[in-house]
Amino acid sequence: MTKNLKKKIELSNLLEQVETNFDSKEIISKLDKLHSKSKAHVIGITGAPGVGKSSLIDKLVKYIRKKNKSVGIIAIDPSSERSGGALLGDRTRLMLNPSDNDVFVRSMASKSFLGGISELTYPSMVVMRAMFDFLIIETVGVGQSETFIKNLADSVILGVQPGSGDSIQFMKSGIFEIPDIVVVTKCDIKNLSEITYSDLSGSKAYFQSQNDWEIRIIKTSSAQNMGFDNLFRELNLRWKWLNDNKRLDKLRINQDINWLHSCISKNFGDKGLERIKKNISYENSPFSKLNELKSKFNF
């Protein structure tokens with residue numbers, strides 16, 4: 001058994017323990033240790049159903065692997081109404097090499113959790129973030145409530161399909177508040193993709209980040225394997241920018257706090273959160289902090 005294959009098996013077992021035994025002291029300790037050893041650039045990929053997220057990921061992963069970098073993928077799938085488990089639709093569409101031990105895919109069921117992600121995405125992300133060079137999180141889809149990916153990823157890619165009218169709908173719903181990179185997919189459809197690209201470029205003021213990162217619009221075609229060199233270059237520029245002036249540290253502390261707030265709100269509601277969060281003093285070790293709050297406030 002190769003070293004990397006053994007690592008994949010151990011990772012799979014650990015993620016299973018996180019799902020089934022999340023509140024145990026052993027798992028909490030492991031999660032906090034891994035939280036302090038993060039190395040991956042976490043990339044969230046979202047967009048309307050049918051935009052081509054899985055194809056985009058497939059080509060991006062292949063490009064990353066050509067650079068000899070390891071990749072983890074968390075694919076958030078719709079839930080089975082009968083079993084509650086993931087339907088594995090996205091995972092089956094990824095045409096990845098099953099013998100490549102530097103690529104690992106984890107499917108998770110969204111269940112009833114809003115935000116286009118799963119309730120356990122955050123702890124699973126923390127585990128995988130410590131073990132790969134890149135970690136990609138694919139959301140179920142995108143809608144007005146499905147913007148939580150911004151609280152998990154270092155960089156968010158929003159896919160827009162040519163001729164879909166997505167740009168106008170996203171402006172209405174506020175989705176353009178979340179991307180760091182906008183990708184026009186299926187750009188082998190020449191005329192429509194040029195119109196969509198022009199529309200987005202002309203509307204850039206609507207979705208420019210509130211910080212000083214300048215959002216880029218990139219054209220790709222998974223069918224023609226086009227634009228992924230530009231996308232990878234932009235991701236590297238984003239990663240360098242995040243690591244300047246401790247922007248990444250600040251971003252991840254905010255992610256931790258948002259996750260703690262979400263966990264509290266789930267149990268106590270928004271009013272309960274407003275009361276409890278005054279007592280939260282957070283610096284690091286989010287899992288131990290959550291366990292402490294659970295004991296203190298009995299939830």
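Contact here means heavy atoms within 4.5 Å. This is a predicted model, in which local features need pLDDT of at least 70 and side-chain atom pairs count only at pLDDT 80 or more. Residues are numbered from 1 along each chain.

**Exercise 1.** Work out how helices α10 and α11 are arranged, and which residues meet.

*Solution.* Start with the residues: Asp256, Trp259, Leu260, Cys263, Ile264, Phe268 and Ile276 of α10 meet Pro286, Phe287, Lys289, Leu290, Leu293 and Phe297 of α11. By class, this contact has 11 nonpolar, no polar and two charged residues (Ala, Val, Leu, Ile, Met, Phe, Trp, Tyr, Cys and Pro count as nonpolar, Asp, Glu, Lys and Arg as charged, the others as polar). Next, take the axes: those of α10 (residues 247-276) and α11 (residues 286-297) come within 9 Å and cross at roughly 15°. The two helices are therefore roughly parallel (angles under 35 degrees).

**Exercise 2.** Now do the same for α9 and α10.

*Solution.* The axes of α9 (residues 228-243) and α10 come within 5 Å, crossing at roughly 85°. These helices are therefore roughly perpendicular (65 to 115 degrees). Trp239, Trp241, Leu242 and Asn243 of α9 make the contact with Arg247, Leu248, Leu251 and Arg252 of α10.

**Exercise 3.** Place Tyr282 and find its partners.

*Solution.* First, find Tyr282 in the loop between α10 and α11. At 12% relative accessibility, Tyr282 counts as buried (under 20% relative accessible area, with a 1.4 Å probe and protein chains only). Leaving out residues up to four places away in sequence, Tyr282 touches His35, Ile253, Asp256, Ile257, Leu260 and Lys289. Finally, Tyr282 and Leu260 are 22 residues apart in sequence and 9.6 Å apart in space, C-alpha to C-alpha.

Notes
Side-chain values use heavy atoms; hydrogens and water are left out. Axes are lines fitted to C-alpha atoms, for helices over the stretch in contact, and angles run from 0 to 180 degrees between N-to-C directions. Helices (H or I, at least four residues) and strands (E, at least two) are DSSP runs, numbered from the N terminus. Angles under 35 degrees count as roughly parallel, over 145 as roughly antiparallel, 65 to 115 as roughly perpendicular and the rest as oblique. Buried means under 20% relative accessible area, exposed over 50%, partly exposed in between (1.4 Å probe, protein chains only).
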